[in-house]
Amino acid sequence: MAARAGGDLPGSDDPALADFPAQDPHSRRWCFADQLGPHFLDAPGQPVLLVEARSVFRRRRFHRQKAHLLLSALRHRAAELGEQATFLKTETYTEALDQVHERLSVCAPTTWPARDLVLRRPDVTVLEARGFVTRQADFRRWAAGRSRQRLLMDDFYRVARRVHDVLMDGAQPVGGTWNLDHQNREPAPADGRVGVPPPWLPVEDEIDEQVRADLDRWVADGDVAFVGDDGPRLFPVTHAETEERLEDFLTHRLRAFGPHEDAMLAGDPWLAHSMLSASLNLGLVDPSDVVTRADQAYRDSVAAGDPLPLNSVEGFVRQVMGWRDWIWHLYWQLGRDYRHGNALAAHEEVPPWLAELEAEAVGANCLSSVLADVRARGWVHHIPRLMVLGNYALQRGIEPLAMTDWFHRVFVDGYDWVMVANVVGMSQHADGGVLATKPYAAGGAYIDRMSDYCGGCRYDPRKRLGEDACPYTAGYWAFLERNRERLADNRRMRQPLAGLGRLEDLEAVVEQERDRGTDPR
């Protein structure tokens, strides 16, 4: 067992946090629907169990395209494996397991409930988790003795770069700098173009046709319900399709990725992003291979005399082996109860228009556009998630756990492990500062600077009071006033809080926003 983590972190006495064995090549490998790549097997010919459990789609009202993606990926994997796989379609996982009469092994699942499920089965050998660059045991050793507030992403990322020799020049980072994020915050291009061709998109096949027919039937029967629009399928469902998308990104998009990584454009949801998050989270490709390929692409470009911009390559690598891995490990390291944090006492319900993705009900152009994108595709990149959707929920005091569930359900790449730390910690500051040193609250000026949303909007990002007052600008000041005492000891908030004293109209702004509440108009 790993050493007990220090401070107020959970220890290794929880069976779900055990150091599991690495391999079991002589058993049938049970692969969950987010463990669909070849790296989840110990040998190419290892027998496999795949389970399509209908109850999963009854638990939550998922985005229609998320449900399609999961089913399509699972069924495509079954078709690829042929007789090598036993593919069971049942109501529950337990019902499927009761039909299997041979020894099973499973790579440790990605959520607390799923891991508890497999640990309750004496006929299942649980192996260490795969699908991430850094092993859980290695992260626990790194985290041992650190308090929650010292589990810093940048510290972890540097260690991971060294251990896995990614973008390294001996003992030092390539270029002499670990993190080039400061170069990746340019605003949206004035002409609305980032200079890359349209992204590679998959072509649907007969399996997708059957998935769509099944989902239509389930809905018609009243068996399940979804939000969001139906297809066409935009994300890979096989390892081969993921390879196509990765190669397209490395060849045509990586060069332009960095500078406008945080920009938002109403007419271009993809910009130069990799669009690999769903594939990584379905387990279709090994993230270690992804970052190694990015590293090699950079070195090849340097050797060819046309180097890829290091800020673009490092920014992508940091997303995959830095942020993604860190969020995964914090899901376990911070414990089962972390999700219930509510340091800012936010108790508003998710409003119906947000739950239903009713973009037309929203007056602010940024929020309406982003909601329309989520409804149409089940995806927007990280800045609309954080600074439009999350920022709105933070300012309006929507309950963090409810927002975590909402993000989980409506994004095609959303899973419990993805959203708990990202939403509770990063987006809603409900952990009181474990993940982020200050709340990610911002007024309309930030959105105006980083996007083209504000042009033609009925609201003015410079105004906080009146009929044309921007909900984000007014909401920002109302948020600060509501949380003045809770944030008083935060050093990074001293200047913003001091600004409250300079607002002669603060009382009117607060009253205006109290009346507005979560009314999107």
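Modeller: Buried means under 20% relative accessible area. This model is predicted.

Colleague: Which residues cover the two faces of strand E4, and are they buried or exposed?
Modeller: Take one side of E4 at a time. Leu104 and Val106 lie on one side. Ser105 and Cys107 lie on the other. Both faces are covered, and all four of these residues are buried.

Colleague: How many bridges join E4 to E5, and in which sense do the strands run?
Modeller: E4 covers residues 104-107 and E5 covers residues 124-127. Across the pair, Ser105 stands opposite Thr125. The two strands run parallel, and the bridges between them number four.

Colleague: What handedness does the β-α-β unit of E4, H4 and E5 have?
Modeller: Helix H4 spans residues 112-119. With E4 and E5 it makes a β-α-β unit. The handedness of that unit is right-handed.

Colleague: Which residue stands opposite Leu104?
Modeller: Look at strand E1, residues 28-31, which pairs with E4 in the parallel sense over three bridges. Leu104 belongs to E4. The residue opposite Leu104 is Arg28.

Colleague: Which residues of E4 does Trp30 touch?
Modeller: Strand E4 runs over residues 104-107. The contacts of Trp30, beyond four places in sequence, include Leu49, Tyr93, Leu117 and Val124. Within the E4 range, Trp30 touches Ser105, Val106 and Cys107.

Colleague: How many residues does the largest nonpolar core have, and which have the most contacts inside it?
Modeller: Nonpolar side chains tend to be buried together in soluble globular proteins. Here the largest nonpolar core has 159 residues. Those with the most contacts inside it are Trp30, Leu367, Trp406 and Leu435.

Colleague: Which helix gives this core its largest share?
Modeller: The largest share is twelve residues. They come from the helix of residues 310-333, which is H11.

Colleague: How many residues make up the second, separate core?
Modeller: Its members include Ala441, Tyr476, Val509 and Val510. This core is separate, and its size is 16 residues.

Colleague: How are the rings of Phe249 and Phe316 set against each other: stacked, edge-to-face or tilted?
Modeller: The structure holds 28 aromatic pairs. In this one the centres lie 4.7 Å apart. The planes meet at 50°, between the cut-offs of 30 and 60 degrees. The pair is therefore tilted.

Colleague: How far apart in sequence are the parts that Phe249 and Phe316 tie together?
Modeller: Phe249 is buried because its relative accessibility is 0%, and Phe316 is buried because its value is 1%. Phe249 lies in helix H8, residues 239-257, and Phe316 in H11, so the pair ties together parts whose separation in sequence is 67 residues.

Colleague: What is the angle between the planes of Trp270 and Trp379?
Modeller: These two form an aromatic pair at 5.2 Å, centre to centre. The pair is tilted, with a plane angle of 35°.

Colleague: Where do Trp270 and Trp379 lie, and how many residues separate them?
Modeller: Trp270 is buried at 10% relative accessible area, and Trp379 at 4%. Trp270 lies in the loop between H8 and H9. Trp379 lies in the loop between H13 and H14. The pair links distant parts of the chain, with a separation of 109 residues.

Colleague: Which arginine lies over the face of Trp332?
Modeller: Trp332 belongs to a cluster linked by ring pairs, with Trp112, Phe132, Trp328, Tyr331 and Trp417. At 3.8 Å from the Trp332 ring centre lies Arg115.

Colleague: What distance separates the C-alpha atoms of Val237 and Ala220?
Modeller: Val237 sits in the loop between helix H7 (206-220) and H8. Val237 touches Leu69, Ser72, Ala73, His76 and Leu284, leaving aside residues up to four places away in sequence. Val237 and Ala220 are 17 residues apart along the chain, and their C-alpha separation is 25 Å.

Colleague: Is Val291 buried or exposed?
Modeller: Val291 is found in helix H10, residues 287-303. Beyond four places in sequence, Val291 touches Val166, Val317, Val320 and Met321. Its relative accessibility is 1%, so Val291 counts as buried.

Colleague: Which residues does Arg409 touch, beyond four places in sequence?
Modeller: Arg409 is found in helix H15, residues 400-410. Its relative accessible area is 11%, so Arg409 is buried. The residues it touches are Arg60, Arg61, Phe62, His63 and Lys66.

Technical notes: Residues numbered from 1 in each chain as written. Predicted model: local features only at pLDDT ≥ 70, side-chain atom pairs only at ≥ 80, totals over all residues. Heavy atoms only, no water. Pairing = 2+ DSSP bridges. Right-handed = clockwise from strand over helix to strand, strands pointing away. Core = buried A, V, L, I, M, F, W, Y, C linked by side-chain atoms within 4.5 Å. Buried < 20%, exposed > 50% of the residue type's maximum accessible area, 1.4 Å probe, protein only. Contact = heavy atoms within 4.5 Å. Phe/Tyr/Trp six-rings, centres within 6.5 Å; stacked < 30°, edge-to-face > 60°. Lys NZ or Arg CZ within 6 Å of the ring centre and 35° of its normal.
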